[in-house]
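Me: Could you take a close look at one helix for me, and tell me how its sides differ and what packs around it? Here is the model I have open.

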Amino acid sequence: MFVFVSIIFVFVAYTVSIKFVYYRFSQLWPQLRNKISNPSYTFGDAHFCPTQKRSGAFLPNSETANETRALLVTAHPDDECMFFAPSILKLVESQASVYLLCLSTGNYNNQGLQRKRELLDSCAVLGIPSDHVTVIEDKELPDDPAVQWSTALVSSLILKHTQNYGISLVLTFDGRGVSGHANHIAIYKTLSHLASAGRLPEGCQIFSLHSISILRKYLSVLELPVSWLLPSDFCCLIGPKEYKRAKKAMLCHRSQLLWFRRLYILFSRYMFINTFQAIVVETKNVKIY
């Protein structure tokens, strides 16, 4: 009897904690949203941690909020919804202009044309206009973890997008690539190099998506309190209504809907929450004579 009561108590307590996470996020999102619209914010000085009292320095500002132009850099069609759906949905909801640069057609199984169409369908569901989507078809950037992507080529493509579209925010993978895919990691390495070399436009911020352990990865919404308590520089969380859109976007990738990806839709925490770490962008030292 005691064990049964204990299980019920833990279940209720955890359910309450998840609801509390959603409640706190709804309160803090305007501040987080304004933070990414303010390039003067220094991420090295403070991390987002919901257990700490938030400063009033980042208050909602409709003018700066509408100026955010975000670029999502991915390696393959389906990365955008499989890993970044919460971020895309929250940014679109906040009236940010969201652009997608997908560096391959995902032609590993000679399905490149179909996967490109599926990507456009997925982006339409997520709220990214087709003219904001660029899919690169280049033999130097194949969908193949055994091939080392050209850093120079990836750099030129990213720089072209950030400059042509006035990008102020870049989202991509971290050094472990979430799933460990070499193509994902190559994007992170390239962006890290661009940031450390001071080659990105002034005021452009970069965030890399946290890779987490496989246990946490497949706890679905049960993982939310853990992500909420751990420090991050930026966080996006969606509820049941937005999850349905994320799921619909995933289902657009019909060629990829193998049994394990259907399980991914049900159990992956990346379908509900994204937490990011900022990549420090160096500024060029300009000598004045």
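Reply: Happy to! Let's start with the outward side of α5, where L113, R117 and A124 are exposed, exposed meaning over 50% relative accessible area, buried under 20% and partly exposed in between, with a 1.4 Å probe and protein chains only. Helices here are DSSP runs of H or I with at least four residues, strands are runs of E with at least two, and both are numbered from the N terminus. This is a predicted model, in which local features need pLDDT of at least 70, side-chain atom pairs count only at pLDDT 80 or more, and totals for chains, interfaces and linings use all residues. Residues are numbered from 1 along each chain as its sequence is written, and side-chain values use heavy atoms, leaving out hydrogens and water.

Now turn α5 over: G112, R115, E118, L119, S122, C123, V125 and L126 are buried. Seen down the helix axis, they fall within an arc of 150 degrees, so they line one face of α5; the arc is taken from the directions from the axis to the C-beta atoms. Their cover includes α3 (79–82), α4 (85–93), β2, β3 (133–135) and α11 (240–251).

Just before the helix, T105 sits in the loop between β2 (97–102) and α5 (112–126). T105 is buried too, at 11% relative accessible area. Leaving aside residues up to four places away in sequence, T105 touches P77, G112, R115, V135, I136 and E137, where contact means heavy atoms within 4.5 Å. At the other end, just after α5, G127 takes a positive phi of about 105 degrees.
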